[in-house]
Amino acid sequence: MAAALLMAATTQAQTYDTQLLRNEQQIDDIIKGMTLEEKIEMLHGKNMFSSAGIPRLGIADMEYADGPFGIREEMEPHSWNSLHLTTDSATFFPTGSALAATWSTEWAYAYGRGMSREARLRGKDMMLGPAINIQRIPTGGRTYEYLSEDPLLSGMLAVAYTRGMQEQGTAVCLKHYALNNQENYRGFVDVHVSPRAMHEIYLRPFEMAVREADAWGVMAAYNKVNGRWCSENEQLLTTILRRQWGFPGMVISDWGGVHSTVDAVVAGMNVEMPGQRYMGSALLDSVRAGRVSEDIINQRVREILRVRFTVAPVAKDVANSQPVGRAEEMEVALQVARRSIVLLKNEPLAGKQPKPLLPIDLHRVRNIVVVGENAVTPMAQGGVGAGVKTRCEITPLEGLQQLLGNNVKLTYVRGYKGLSREEREKMRGAYRSQSKGFAKSQNAHGYPAADPQLMAEAVKAAKRADLVIFVAGDNREVETEGSDRTSIALPSGQDELARALAKANPRLVTVIVAGGPVDVSTVSEVSPALLVSWFNGSMGGQALAEVLTGRVSPSGKLPMTWPKSLDDVPAYATHSYPQTMENNSQGDIFVGLVNNQSNVRTQQLTANYAEESLVGYRWYDGKQVATAYPFGHGLSYTQFAYTDLQAKPTAEGIDVSFHLANLSDTDAEEVAQVYVSRPQSHIERPVKELKGFKRVALKGGEQTTVTITLRRADLCHWDEAAGTWMLEPGKISVLVGGSSASLPLQLEANL
């Protein structure tokens, strides 16, 4: 590649004005008045979710809130046991993948504001979120917490979430920095990745949130990156985060994720959570012995104080004194849930009627049978990790009951038994004892089989119905922190049940409740209509009922590709995931911490990211692999027409404009997407990449001109030789449409 063809990307997206550097003189004076012991006391956990201030100097403790989709209930100071308060409920906001399915920076901003308002009422200073790791594998245990497989979509939503959160006075803690893309063996695995893939894909959302939204906190991940634990990785914590991105805030460890004393504090770690194994008395001894300079301790304390002086502490007698889960926050949860629901398929019944099954025609449909345990299962809690003790969670069945009232006969039948915690643990044990083929096999997923009696009851009810709504998918025991799924197969014999329901009554609508992709090959084949409603928060059931009945036109778009098979997924296709351990008895690092179990790391695993930058749709495009449903896909109850594409170079990048028309009389919203292709590039690139998007609301019959700016910063690539972002001049193809697989407009432009 000729160096003359490249020019440095001197115009990055505008860096947000930081508030953290406004109290430096006051912080200087405080540090001068602190003892060494007081400084060390600030560098580790005090309680399970707090770290110490300096009462003598009027410096309050830092109070942390778990997790990214709702404020966790109050815990005992030194355990994971609930305090059983009556004042610590919260709104269950739609989880990360649901938020990402809105493709809405406006609602991500409102989501952050709503979460922050509740955090303040609960006395919290820093939210442990947003969770913005890239969804590298669909089976990831925390796919439901994360946003997307695409760095631009993840980054723009993270920026909006961060701004909304911090403008209401709560610090974010971006997690998990970095490359925590799997739950299995996350406390043992060493991720090997090229600099280009690391910066362009995996670090980009973090960089955007730091540079463009002034994120005040970052959480170091459990894993290693290129040979060093994230909690002591100088390249990540100092070279990239602090020097390249200019981050002035504080870094906390994931719980139990610190592995050293000197290396951690020197590399840039501020607070070890939740205890003081390494950064308590051991650190004090290291300073006294001259192994760590007190100047480094002062800098780590300074970075904490910057956040402490920016976030106003909440008095203990004020925290948890007012009810949380108010109408304002519930409205945000509802609006996000409405826009997150993805209509994958909506077709007429073969040979019987011209209209699709959805929206439900309430003039003709008088008897509806709802099948599936997920129709009545709350999703605010379950599995391992963060949950929300919410005062309200409308399930799918409750949503339909409230909306339809007595106008329609509504019958519920269980149909299947959802996976229990005991069954999940049994499956995890079986996974650890089997070979790699166990994890890859679609047939050996290990889920319990269909229950014959429950299936017979469901089939009997379906035969008498005008419409069957099958609520399928996962629950929070299937998708959980601490372990990845062994398969994307639907659990509990749901495929068998779906076939039986369709045979009994072809008027079958299937709703997938899940945080990430599942195998929909069977349900898509037998269901004329298919939707994804995610783990969709306190108001998810109401939003689903509104979409099913047509009060709201579906407008969500998939934030990740739904593959046909795990063998098609890049990490599986390159055999870089899953890994196997010789000693398969070793459990998860966080689960061990919760259960007071030691996790001795007797074997180091390596995850070679062999697919490099070809994550998600980039891989499927490049390898010409068919998908079940592509990235960005999502149907509506109306049709949209894209016409008259134009591109105008500006100082900020390229303004892409086009006409968008709503061709029906139904009000609806569309997510317009802009991709860029560079077939003449002198460097290796994907077939196309998302470079801009916008959610547009149109009344029935309305049309408008939409302009989306492609920013220079987002058109750059990471140049490994130069160690910086570079912009390659030349021709680009601009492609516009409603999904990565439906791009009717195209033109060439020049950079």
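Which residue caps the N-terminal end of helix α16? The close-up views below take up this point and several others, all in a predicted model.

**View 1. Helix α16, its cap and its buried face.** Aspartate 451 caps the N-terminal end of α16, with one of its side-chain oxygens lying 3.0 Å from the backbone nitrogen of glutamine 453. The helix itself covers residues 452-463, and because 12 residues at 1.5 Å a residue should span 16 Å, the 17 Å between its end C-alpha atoms agrees with what is expected. Leu454, Met455, Ala458, Val459, Ala461 and Ala462 are the buried residues of α16. Seen down the helix axis, these buried residues fall within an arc of 165°, so they line one face of α16. They pack against the strands β14 (367-371), β15 (409-413) and β16 (467-473), as well as against the helix α17 (494-504). On the other side of α16, by contrast, Pro452, Gln453, Lys460 and Lys463 are exposed.

**View 2. The open sheet formed by β22, β23 and β26.** Here 3 strands form an open sheet, in the order β22-β23-β26, and the pairing is antiparallel. Because β22 (640-649) and β26 (703-711) stand at the edges and each has a single partner strand, one side of each is left without a neighbour in the sheet. Neighbouring strands of this sheet are turned against each other by 20° on average, if their direction is ignored. Between β22 and β23 (residues 653-662), which run antiparallel, there are 8 bridges. Within this part of the view, alanine 647 can be found opposite valine 656 in β23.

**View 3. Helix α5 and its two ends.** Helix α5 (residues 151-167) has 17 residues, and the distance from its first C-alpha to its last is 24 Å, close to the 24 Å expected at 1.5 Å a residue. Of these 17 residues, 14 are buried, so α5 is largely enclosed by the rest of the structure. At the N-terminal end of α5, aspartate 150 acts as the cap, and a side-chain oxygen of this residue lies 2.9 Å from the backbone nitrogen of leucine 152. Just after α5, glycine 169 takes a positive phi of about 100°.

**View 4. Two cis peptide bonds in loops.** The peptide bond that leads from aspartate 66 to glycine 67 is cis, with omega near 10°, and glycine 67 is placed in the loop between β4 (62-65) and α3 (96-102). A cis peptide bond also leads from glycine 129 to proline 130, where omega is near 5°. Proline 130 is placed in the loop between β5 (126-127) and α5, the helix shown in the view before.

**View 5. Two asparagines with a positive phi.** Asparagine 226, although it is not a glycine, has a positive phi of about 50°, and its place is in the loop between β10 (224-225) and β11 (228-229). Asparagine 320 is a residue other than glycine that also takes a positive phi, in this case near 60°, and it lies in the loop between α11 (294-310) and α12 (327-340). Are these asparagines buried or partly exposed? Asparagine 226 has a relative accessible area of 36% and is partly exposed, whereas asparagine 320, with a relative accessible area of 14%, is buried, since the term buried is kept for values under 20%.

Methods: Residues are numbered from 1 along each chain as its sequence is written. This is a predicted model: local features need pLDDT of at least 70, side-chain atom pairs count only at pLDDT 80 or more; totals for chains, interfaces and linings use all residues. Side-chain values use heavy atoms; hydrogens and water are left out. Helices (H or I, at least four residues) and strands (E, at least two) are DSSP runs, numbered from the N terminus. The expected span of a helix is 1.5 Å times one less than its number of residues. Buried means under 20% relative accessible area, exposed over 50%, partly exposed in between (1.4 Å probe, protein chains only). The arc is that of the directions from the helix axis to the C-beta atoms. Contact means heavy atoms within 4.5 Å. A polar contact is a pair of N or O atoms within 3.5 Å; within protein, one must be able to donate a hydrogen and the other to accept it, and residues adjacent in sequence count only if both atoms are side-chain atoms. Two strands pair if DSSP finds at least two bridges between them. Axes are lines fitted to C-alpha atoms, for helices over the stretch in contact, and angles run from 0 to 180 degrees between N-to-C directions.
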